[in-house]
Structure formats: C-alpha cells, structure tokens
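Trainee: Hi, have you got a few minutes to go through a model with me? I'll put it up here.
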Amino acid sequence: MTSLSIKATARRFGDDINTDYIISSRRKRESLDPAVLKDYLFETIAPEFAASVRAGDILVAGKNFGCGSAMEVAATAVIGAGIRIVLAQSFARTYFRNAVNNGLYPIECDTSRIAEGCALQIDMGPRILVHSALDGHEVEAAPIPHDILKILDAGGLVPYLRAHSTL
Amino acid sequence: MSGKTLSEKLLSLSSGRSVKAGDIAICEVDCAMGTDGSIPMAMDYFAAMGASRVHSPHKLLFALDHYAPAPSPKAAMLQARIRRFAREQGIPLFDIGEGIGHQIVVEQGLAAPGRLLVGADSHAVTYRAANCFATGIGSSDLAGVMMTGKVWLKVPESIRITLHGEMPPGVYPKDLALHLAKLLGADGAAYQTLEFHGEGLDTLDFEDRLVLANLSVEMGAKNAVFPFDAACMRYLDGRVAVPLEGLSADADAIYTRTLDIDLTTLCPYVALPHNVDNVARLDEVGDVPIQMACLGTCTGGRAKDFRQALAVFRQFGRPAAGVQLVVTPASREAMHELALGGELAELIELGAIIVTPGCGACCGTAGAIPEDDANVISTANRNFKGRMGNPSANIFLASPEVCAASAIAGRIASPQTLSRR
C-alpha cells in the first residue's frame with residue numbers, strides 16, 4: 001500500500017448497525033444506483049444524515065457494523081455519498097467483504113473515544129494509525145491482510161479482475 | 001503441528017493447500033446461489049469486470065425468491081433480465097413460486113459433505129447442516145465467481161459447542177438458537193464458525209440442524225457446521241448424486257472457545273424487538289397483544305415446522321379475531337408436501353393468508369406488510385426495525401409452536417396457558 005495521510009470528519013454511529021439501517025431494503029425496489037440510494041442513507045435511524053454528509057467524511061461505528069442482510073448496496077450507497085473509509089470496532093463479515101470488493105476501506109480499531117464531528121487524521125502505511133485532533137489520542141488499527149489489500153488498492157474486485165482476470 | 005477444525009479441513013480441500021484459521025484461502029466454488037435480490041447487481045459487476053461468458057454455468061443456481069410475485073413493474077423487469085441472462089448463459093433458474101433459494105439448494109442435493117457453497121444472501125449459511133462449507137457473499141463476489149469460478153475466504157476460527165441431553169417437550173431448535181444468540185450476542189461469534197458436537201445432536205434431525213445453521217448468522221457467525229452422521233445421511237440419501245463421504249474435525253484442533261449446552265435445561269424463548277440477541281424467556285415476556293402471526297421463511301418454513309404449529313391449532317382452536325395468520329412455505333416442495341398431507345387445507349380452513357413461497361413476507365419486499373404499531377410474532381430469523389416493510393411494526397421471533405399459541409390467544413402465549421377447544 002502506498003503511504004497516505006487522510007484528514008476527515010467523523011460521522012458517528014453505535015453498535016450493531018445492520019444493513020437495513022444503512023439503507024432500507026425497500027429502497028432497492030426503486031433503484032440500485034448509489035447516486036440515488038445515497039439520499040436515503042441511514043434514513044431509519046438518522047433521518048438528517050443524508051442531507052448533512054459531505055464527500056470525504058468517515059463513518060465511525062461501534063461493534064458489528066453492517067450486520068444482517070448481505071445486500072451490497074449497503075456498501076455502494078456509502079461510497080455513493082463520497083465516503084471511502086469506515087472505522088469500526090468490528091464488522092459483520094459480509095459487510096467487510098462487500099466493502100473490500102467495492103474499494104471501501106473497512107478499518108478495525110478502537111473507536112470508543114471518537115465522537116460525532118471529530119476531526120480525524122488517518123495514516124495508512126505499513127501500520128494504520130488513527131489520530132483524533134480533539135484530544136490528540138492515537139490508536140493503531142488492525143492490519144489488513146495482503147491478499148485483501150491488493151483488492152482494496154486496486155479499487156475493488158471489478159478493477160482487480162479487469163486487470164488480473166482471476167483471483 | 002496441531003490438528004484442523006472442520007472448517008480448516010473443508011477450506012484446505014477447496015483451496016488445494018493446507019490452510020489454518022486466519023489464512024486467506026482462494027477456493028474453487030462447487031455451487032453459487034444468487035437471488036433476484038442480488039443477481040441484478042452481480043450482472044452489472046460481471047459486465048464491468050469485462051467478462052462475457054460465465055465460468056461454469058452448471059455450478060450456479062439462480063432463484064427468483066425476493067420479489068415473488070413481482071410487486072412492481074420495476075421488479076418484474078429486473079426478473080425478466082435475470083431470466084434472459086440465465087437462458088443465454090445456461091444457468092439453472094428456479095422461477096417465482098419455486099421457493100427460497102436456500103431451501104432449493106438443499107432440496108436439490110447440492111449441499112453435500114466436502115463441498116464449498118456460497119450464496120449471495122446472508123442465509124446461505126443454512127447449507128452447512130450438510131457437513132459442507134457455506135457462507136453468504138455479496139453481489140460483487142457472485143460476479144467474481146461467475147467470472148472465475150473462485151472466491152476468496154478468510155479461514156474462520158471456530159467455537160466448539162457440545163450438546164448434551166435432549167430438549168424438553170415444547171422446546172425446539174429455534175429456542176436453542178435463541179438461547180445461543182442470547183449467550184453469544186449479535187457479534188459474539190463474529191467471523192467464527194460454530195462447530196457442533198455431542199450426543200445431544202442425535203436428538204436433532206437434519207431439518208432441526210437447518211434451523212440452527214440458518215440462525216448462526218444472527219450470532220454474527222460466519223456459519224455453523226454439523227457432523228456427517230445418520231441424520232445427515234438420511235436426508236441427503238437419494239438427493240445427492242455423488243457418493244457421500246463426511247469429514248470430521250481432528251481431536252487436537254484448536255478452538256477459540258468451547259461451550260457445553262445442557263439441552264435439558266432449555267425453555268421456550270422469544271427475541272424481542274429489534275435485535276435477534278434481545279432474547280427473553282417466554283414466561284418473562286409479559287402481556288403483548290399481537291396483530292399478526294407469521295409461519296414460514298427459510299428458518300421455519302418446512303413441513304415439519306407447520307406440523308408443529310398445526311398440532312397447537314388442532315388442540316386449542318383458531319386464531320383470535322383480529323390476528324392475521326400469514327403462512328409462507330419455504331418452497332414449492334414444502335407446500336406440495338403440506339398439500340398432500342392435508343395440512344395446507346387445514347391452514348386455509350384456519351383462515352391463513354397463504355403467501356407465495358419466497359422471502360417477501362420476511363423482509364418486506366412482497367407479501368404481507370404489518371400495519372403501524374402492529375406486534376408481529378414470527379418463525380423468521382430477523383426482527384430488525386423495518387424488516388417486514390414497516391419500521392413502525394414490532395417483530396417478535398419464536399418457535400412455530402409459540403407463534404401458533406400466540407395467534408390463538410391474540411397475545412404472546414405458551415400452549416400451556418391455553419385452554420383446550
């Protein structure tokens with residue numbers, strides 16, 4: 001992975017945020033387009049979110065983010081809003097997969113001290129470090145396995161398979 | 001060097017190299033299931049990957065189960081696209097009314113010991129009742145499998161669960177699953193496999209194990225796996241085309257945790273809104289009036305489940321006035337079995353709303369949607385806010401027996417509290 005330092009604003013959510021809370025499955029009946037679905041992000045639990053999210057914001061959650069249904073729009077709708085990184089205490093495994101395959105970085109770290117609106121700096125290199133500008137607190141995230149990073153750094157499974165034709 | 005868990009063995013077999021928990025395994029897929037909920041996006045990813053022909057069409061299975069029958073012209077057109085693609089590519093397709101893809105995979109004998117199955121739907125974990133490896137994937141993964149025949153999987157760690165004794169009367173696999181959800185929490189088994197052992201398994205038949213395997217994902221587990229034994233063989237014999245040879249874990253395999261469950265101590269449970277691990281004992285639930293009782297889905301939609309419910313109706317009478325009884329068989333095969341046995345006629349006579357076999361009534365994509373503030377008791381697997389298509393409804397999860405008793409009482413109830421008809 002190329003070393004990268006990213007500054008962004010935290011958008012804070014709690015534990016066990018399921019994919020239906022990220023994007024209601026009934027919205028899939030109308031469209032699968034992330035540019036449409038982004039307007040309904042988190043509508044069930046945070047109706048003000050979709051209007052206030054800005055490209056480059058970072059989702060910050062507690063444990064088990066993306067539990068429930070494996071629907072992939074729960075990852076692509078997030079990317080549709082211009083979000084490229086999700087920090088969570090832990091991810092549901094299907095959400096982790098869908099994030100990787102779409103080039104959304106699922107980063108596991110201790111998020112307990114990160115509050116809504118907190119300014120963050122994330123250094124992504126051989127180690128992944130998350131600094132909170134508010135209190136200068138720094139945590140180290142779990143490393144991402146090499147085979148998974150290859151797919152993420154390619155921008156997801158589509159560009160990866162376009163380039164390599166096989167896994 | 002230590003031995004292997006059942007998951008480590010199965011993924012070593014599928015990846016062609018010796019893998020251990022934590023490794024990333026690139027695996028050959030024996031069967032990949034997609035639904036009308038996940039295939040349309042997979043087709044888009046497939047095209048974006050630059051692919052035109054699928055790698056192994058006979059290893060794919062498409063099921064039109066999420067929007068069955070199509071509730072809107074848009075859904076109908078997506079399904080038309082899927083049918084056309086399946087025809088062009090030679091992919092077996094199970095159309096509207098055939099049932100839930102997971103049930104079809106099992107009925108068709110595609111889940112068998114030693115195989116690797118994936119499904120682009122989280123309840124693909126259900127197949128692991130058959131001593132295979134199986135888990136849910138997304139649409140991009142399905143597209144990747146369509147293009148390459150392969151999938152990447154992180155080899156899971158395992159929790160060893162040993163079952164002892166037998167469940168008391170009135171306690172069902174659903175109750176055991178809810179007990180485990182309470183014990184482990186919604187993410188207590190995250191990324192891990194629940195590996196079931198113990199003589200208590202002898203009291204659980206294959207259908208019972210399908211319920212446990214199905215609900216393992218609600219504990220955040222990657223899946224749950226069962227040994228190859230007489231119960232497994234009885235179900236698979238005659239369905240699976242290849243000779244059956246089971247795998248088992250090594251005695252010195254490493255587990256993150258071991259749990260012993262005494263089945264004799266279990267009681268009926270209910271998952272309260274809006275999380276599956278928000279579990280209470282039935283006798284602690286209190287007075288909850290209900291407006292809808294749902295029997296069915298890929299958790300509780302097999303003939304055996306309906307028979308458990310019907311036993312209660314026969315003894316204690318009809319659903320109370322004001323309660324909608326919604327019935328969704330898991331598949332046409334299950335519905336046909338109920339028709340042949342006369343149970344379907346009994347359900348109709350009870351005033352049941354019979355929904356097309358599929359996922360609609362469970363996830364709100366088609367079928368019966370509850371009114372605002374309605375309390376629903378259901379044999380399904382999820383009770384998230386909005387799950388059945390109305391975020392103002394409250395969903396309670398329980399066994400078929402408790403759902404039937406509650407329909408009769410008009411409030412959440414145990415059959416023990418009802419008086420005979």
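Trainee: Thanks! Which residues are buried in α3(B)?
Mentor: Happy to help; keep in mind that this is a predicted model. In α3(B), the buried ones are B:Ala75, B:Leu78, B:Gln79, B:Ile82 and B:Ala86.
Trainee: And why do they line one face of the helix?
Mentor: Looking down the axis of α3(B), the buried residues fall within an arc of 100°, so they line one face. As background, an α-helix has 3.6 residues a turn, so residues three or four places apart point the same way.
Trainee: What do the buried residues of α3(B) pack against?
Mentor: Their partners in chain B are α2 (39–48), β3 (60–63) and β4 (93–94).
Trainee: Which exposed residues are on the face turned away from the buried side of α3(B)?
Mentor: That face carries B:Pro73, B:Met77, B:Ala80, B:Arg84, B:Arg87 and B:Glu88.
Trainee: How far does α3(B) reach from its first C-alpha to its last?
Mentor: Its 17 residues, 73–89, reach 24 Å, close to the 24 Å expected at 1.5 Å a residue. Just after α3(B), B:Gly90 takes a positive phi of about 75°.
Trainee: Switching topic: how is chain B divided into domains?
Mentor: Domain 1 of chain B covers 6–261 and domain 2 covers 269–417. Their C-alpha centres lie 24 Å apart. The contact takes 32 residues from domain 1 of chain B and 30 residues from domain 2 of chain B.
Trainee: Which element gives the largest share of domain 1's side?
Mentor: That's α6(B), with six residues. By class, that side of domain 1 of chain B has 13 nonpolar, eleven polar and eight charged residues.

Note on methods:
Residues are numbered from 1 along each chain as its sequence is written. Chains are lettered from A and ligands numbered from 1 in the order in which they are written. This is a predicted model: local features need pLDDT of at least 70, side-chain atom pairs count only at pLDDT 80 or more; totals for chains, interfaces and linings use all residues. Helices (H or I, at least four residues) and strands (E, at least two) are DSSP runs, numbered from the N terminus. The expected span of a helix is 1.5 Å times one less than its number of residues. A residue is buried if 20 or more other C-beta atoms lie within 10 Å of its own, exposed if 12 or fewer, and partly exposed in between; C-beta atoms are placed from the backbone. The arc is that of the directions from the helix axis to the C-beta atoms. Two residues are in contact if their C-beta atoms, placed from the backbone, lie within 7 Å. Domain bounds come from an automatic or database domain assignment. Ala, Val, Leu, Ile, Met, Phe, Trp, Tyr, Cys and Pro count as nonpolar, Asp, Glu, Lys and Arg as charged, and the others, Gly among them, as polar.
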